[in-house]
Each structure stands twice: as C-alpha cells, then as structure tokens.
Amino acid sequence: MKLYPIEAGNFKLDGGAMFGVVPKTIWNKTNPADENNLIDIAARCLLIEDGNRLILIDTGMGNKQSEKFFGYYSLWGTHSLDKSLAKYGFHRDDITDVFMTHLHFDHCGGSVNWNKERTGYEVAFKNAKYWTNEDHWEWATIPNPREKASFLQENIIPMQESGHLNFIRKSGSDFIEKSELGFGIYLVNGHTEKMMVPYIQYQEKTICFPADLLPTAGHVPIPYVMGYDTRPLLTMPEKSKFLLDAAEKNHYLFLEHDAHNEIITVEKTEKGVRIKEIFTCTDILI
C-alpha cells in the first residue's frame, strides 16, 4: 500500500464560523485571519494505492460552480486535483473508488463535472465506484434548511443517476472495523449526519482522516467546535473519544482543511489532549 496527499485547492472561510463560540483573540493565534476575518483553508484529499485499487478520499470543491459562488470563498494558490494526481503519475480515469466522508460541497464538489459539450453533469471519475452511506445520503438529498446551502444537488444526484453510487455496509456500532474499501470507519453525527472518518493501517501506523471532526490543528481543544456543526454538543464527546484514542494509540491525524499543518499526533496533558508533534505528508506518507 502507498498513500499520497492530493491537494485539491485552497480557499478561505470566516474564522468566527470556523471556531464557533471561541473568541478571535484565542483562535487568531493558531489560525491568523486577514483583514476580512478570513482564515486559510486547504482541501487536502488522500489517495490510497492498494493492489489494483486506487481509492480517493474526498475531492474538494471542484471547478464547475459559478464565478460568483467561488467569489464567496476567496480561492488562492495553484493547487488542483488533476495536477496533484499527475505529480504521482496518476490520472482521474485511474481512480477505482471515490470515498466521500460527507457530501458538503467542499468535500465532494470535485466528484462531478459539468460537460460543456454534452451540456450536462457527469461523474468526474468515470471508472470509479462512489461511496457514501445510506443514512447520510438520505440526509443530504432531503436537506434541512441549515445545511441546504452545503448540499448542492448538482454535486450529489449525478452520482446516483450515473449508476456509480454505492453505500458502505452498515454496522451495529459507530465503528465499522473493516469496510468494503479495506479500512475502518468511525461514524460521527455532530458535524452532519453519519460523517465517516477513515482509519487506515499503513506501515505499522494508523492514519486517521478526521475530515470536519478536526478540520485544523487549531481545533484540537474540545470546545473549539465549528459554527457549521449541526450538533455542536454532540461533536464535543465524539471529538473527545477520537482524540483520547489517538493519544493513547499514537495515531497520525491527516488534516484535510489545515493549509499549514498536514499531519499531527496528540498527547494527554493536564489541560486535556494537545498536539504532540507536527509532520509533513512527506515525513509520514511518501
């Protein structure tokens, strides 16, 4: 098995929304804001090469939305999903599986393209199976008013209409020991219904992909919860369980949205779980 970081692009989000009730005087120390109160955000996906399978975890925003839409997110940098795949010798047609932690637009927008010649939406990875879970699919396709702006139908419905959509098999608990893709999954509900956190065994290490359970290194303290979470009081015990386990077992946490810190480990301290070490993807994966 080999793991590759796939940088799908960078954007900015409101720092206050990213840290909820935490005051700016505190979060600005770890995630400094610009003059518009925006902080740097990454869309760092993960590619797993395992035998004949090439599994991509999340796909970023994609590029099919309007200029007005992207204007809200202050895109910056030169990263793109295709350039990042090419860096490691791959093309999107090589992908066999697309695993989506959840269906918010910044995590799955790159899964579907707009085809100008055919004037329609089509899956961006034509040879891949697309994976979510049935409970989250129902949540996303009949969205509540709060999340409706994040669940864009053009990002979601074409997966089903194309015949590429697959559901991860349910488990009797919040942890699936081994999914159809070969890795474990922790199911959490604080950010959105049944978001999936992969646990990947790699070179005697456990690499966790916490997605929006832990978007940046600055979110390690338990009360530092995003304003975007639908159930913040549930996020806290879910995050606590995740981080205590990571500290005890020395898991490596792959940060999807942190533009400046790629992988961290954590440890227990008198103040709670805190960052132990910070690594680049090159240190751990390649």
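These questions and answers work through a predicted model of one protein chain.

Q: How many helices and strands does the protein chain have?
A: The model is predicted. Its secondary structure is counted over the whole protein chain. The count gives nine helices and 15 strands.

Q: What radius of gyration does the protein chain have, and what would a compact globule have?
A: The C-alpha trace spans about 60 × 45 × 35 Å along its principal axes. With 286 residues, a compact globule would have a radius of gyration near 19 Å. The protein chain agrees with that, at 18 Å.

Q: What share of the 286 residues counts as buried?
A: Buried means under 20% relative accessible area. Applied to the 286 residues of the protein chain, that cut-off gives a buried share of 54%.

Q: In what order do the six strands of the open sheet stand?
A: The pairing in this sheet is mixed. Neighbouring strands are turned by 25° against each other on average, direction ignored. The order is E1-E2-E3-E4-E7-E8.

Q: Which strands stand at the edges of that sheet?
A: An edge strand here has a single partner strand, so one side of it is left without a neighbour in the sheet. Two strands fit: E1 and E8, the latter at residues 165-167.

Q: Do E3 and E4 pair in the parallel or antiparallel sense, and which residue of E4 is the bridge partner of Ile55?
A: Strand E3 covers residues 53-57. E3 and E4 pair over three bridges, in the parallel sense. The bridge partner of Ile55 in E4 is Asp97.

Q: Why is the pair of Tyr4 and Tyr88 tilted?
A: The structure holds 15 aromatic pairs, and Tyr4 with Tyr88 is one of them. Planes under 30 degrees apart count as stacked and over 60 as edge-to-face, with the rest tilted. The ring centres are 4.9 Å apart and the planes stand at 40°, so the pair is tilted.

Q: How many residues apart in sequence are the parts that Tyr4 and Tyr88 tie together?
A: Tyr4 lies in strand E1, residues 2-14. Tyr88 lies in the loop between helix H4 (81-87) and strand E4 (97-99). The pair therefore ties together parts 84 residues apart in sequence.

Q: What kind of pair do the rings of Tyr4 and Phe90 make?
A: Tyr4 is buried at 9% relative accessibility, and Phe90 is buried at 15%. Phe90 sits in the loop between H4 and E4, so its pair with Tyr4 in E1 ties together parts 86 residues apart in sequence. The ring centres are 5.4 Å apart with planes at 70°, so the pair is edge-to-face.

Q: Which residues form one aromatic cluster with Phe69?
A: Phe69 belongs to a cluster of aromatic residues. The others in it are Phe70, Tyr73 and Phe105.

Q: The charged end of Arg92 sits over the ring of which residue?
A: The charged end of Arg92 lies 5.0 Å from the ring centre. The cut-off for this contact is 6 Å. The ring belongs to Phe125.

Q: How many bridges join E10 to E11, and which residue takes a positive phi in the turn?
A: E10 covers residues 184-188, and five bridges join it to E11 in an antiparallel run. Tyr186 has Val197 as its bridge partner in E11. The two strands form a hairpin with six residues between them. The residue with positive phi in the turn, about 55°, is Lys194.

Q: Which residue takes a positive phi in the hairpin of E11 and E12?
A: E11 and E12 (residues 205-208) pair in the antiparallel sense over four bridges. Gln201 stands opposite Thr206 in E12. Two residues lie between the strands, and a positive phi near 50° is taken by Gln203.

Q: How many of the eight residues of E11 are buried?
A: E11 covers residues 195-202 and is mostly covered. Pro198 lies in this strand and is buried at 0% relative accessibility. The buried count for E11 is seven.

Q: How many disulfides does a search of the whole structure find?
A: A disulfide needs two cysteine sulfur atoms within 2.5 Å. The sulfur of Cys208 is 14 Å from its closest cysteine sulfur, in Cys281, which is too far for a bond. For Cys281 the closest is in Cys45, at 11 Å, also too far. The number of disulfides found is zero.

Notes: Residues numbered from 1 in each chain as written. Predicted model: local features only at pLDDT ≥ 70, side-chain atom pairs only at ≥ 80, totals over all residues. Heavy atoms only, no water. Phe/Tyr/Trp six-rings, centres within 6.5 Å; stacked < 30°, edge-to-face > 60°. Buried < 20%, exposed > 50% of the residue type's maximum accessible area, 1.4 Å probe, protein only. Lys NZ or Arg CZ within 6 Å of the ring centre and 35° of its normal. Pairing = 2+ DSSP bridges. Axes fitted to C-alpha atoms, helices over the stretch in contact; angles between N-to-C directions. Rg over C-alpha atoms; globule rule 2.2 N^0.38 Å.
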